[in-house]
Amino acid sequence: MKKTSLFSKSLILMILLFIGSAPIMAQISEGEPYSRTIRTGNRPGSGDWGIFIGPSFSEIEQMFDYGISWRGLPLVNVKYYLKDNLELRCGIQASKLTYNTNGYYWEDEFNTEYNNKTSESLFRLSPGIARHFSPTNILDVYVGATLPFGLSTDKYINRINGKGNGTSERSSFEIGVGAYIGLQCFVADLPVAIGLEYGLSAVKYFGQKYKNVITDEDGVEQTYYTEEPDYGWSTQYSELKRSKGELGADVRFTISYFFK
């Protein structure tokens with residue numbers, strides 16, 4: 001219910017902002033020509049670049065749900081105005097987390113050496129395009145689409161001296177499509193804009209399974225698959241295909257800086 005309420009409020013806010021911008025848009029055909037270079041108080045035009053930040057609510061929620069730190073936010077978000085009213089954009093998200101644990105534990109009156117290595121990584125690209133409708137230096141209304149795709153990997157290695165070792169790893173490819181409508185306001189005499197985007201997206205995740213290889217003290221290997229990392233109680237499959245799909249709405253607040 002909280003998610004529904006949040007998206008509903010955001011959608012109502014977007015509608016109110018659009019209604020408020022209607023008088024400005026109605027004057028477009030009668031307005032004076034505007035500058036198409038980045039100056040104080042001016043909007044970007046053909047050939048201009050922009051850097052923007054704006055994590056969506058779903059990205060922030062994902063970080064809390066999966067324990068991802070702020071390193072999981074998009075590393076780079078750039079815009080390029082191919083034309084005065086046509087914008088290309090791309091977000092690059094990359095992160096990697098590793099743990100390495102070495103030690104001994106007491107078992108049967110002997111110290112047994114134990115080693116554990118954990119590696120989790122993510123790389124994602126989100127190219128997109130947007131069509132702008134209002135040429136004013138105050139408000140900018142636009143619609144756009146995006147095609148996010150990427151790869152995430154997890155690998156867990158356990159080694160116990162004299163008792164063999166085991167690995168559990170997953171490599172998942174994801175691809176999706178999204179559409180959004182946005183509104184941004186240019187701030188005072190700065191080449192800066194703040195905005196709000198509301199959109200729908202669908203994402204498919206492939207390879208949602210873990211391959212486990214266990215090697216005993218005699219060097220004999222056993223391979224099986226699980227739905228989650230195997231900690232000794234997961235259901236083991238000789239073969240497994242597993243994927244996941246998500247469909248939902250999202251809201252993103254953005255801050256953009258423009259330059260030549």
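A residue counts as buried here when its relative accessible area is under 20%. By that criterion, 35% of the 260 residues of the chain in this predicted model are buried. The chain exposes about 15600 Å² in total, and 60% of this area is supplied by carbon and sulfur atoms.

Turning to the fold, the chain holds 2 helices and 11 strands. Read from the N terminus, the order of elements is α-β-α-β-β-β-β-β-β-β-β-β-β, so a strand sits between the two helices and a run of strands follows the second helix. The contacts add a view across the sequence: of those between residues at least 6 apart in sequence, 65% join residues at least 24 apart.

For readers with an interest in pockets, the second largest one deserves a closer look. Its volume is about 340 Å³, and its lining is made up of 21 residues. Those that lie nearest the centre of this pocket are N158, G166, T167, I214 and D230. Two or more lining residues come from each of the strands β4 (110–132), β6 (149–160), β7 (164–186) and β9 (210–215). Among these strands, β7 provides the largest share of the lining, with 5 residues.

What is the make-up of the lining of the second largest pocket by class? Polar residues number 11, nonpolar residues 6 and charged residues 4. Glycine is counted with the polar class, and G166, one of the residues nearest the centre of the pocket, therefore belongs to the polar group.

Note on methods: Residues are numbered from 1 along each chain as its sequence is written. This is a predicted model: local features need pLDDT of at least 70, side-chain atom pairs count only at pLDDT 80 or more; totals for chains, interfaces and linings use all residues. Side-chain values use heavy atoms; hydrogens and water are left out. Helices (H or I, at least four residues) and strands (E, at least two) are DSSP runs, numbered from the N terminus. Buried means under 20% relative accessible area, exposed over 50%, partly exposed in between (1.4 Å probe, protein chains only). Contact means heavy atoms within 4.5 Å. Accessible areas come from the Shrake-Rupley method with a 1.4 Å probe; for residues, only the protein chains shown count as cover. On a 1 Å grid over the protein atoms alone, a cavity is a set of points where a 1.4 Å probe fits but cannot get out, and a pocket is an open set with protein on both sides within 12 Å along at least five of seven lines; lining residues have an atom within 4 Å of a point. Grid points are joined across faces, edges and corners, and a volume is the space filled by probe spheres set on the points.
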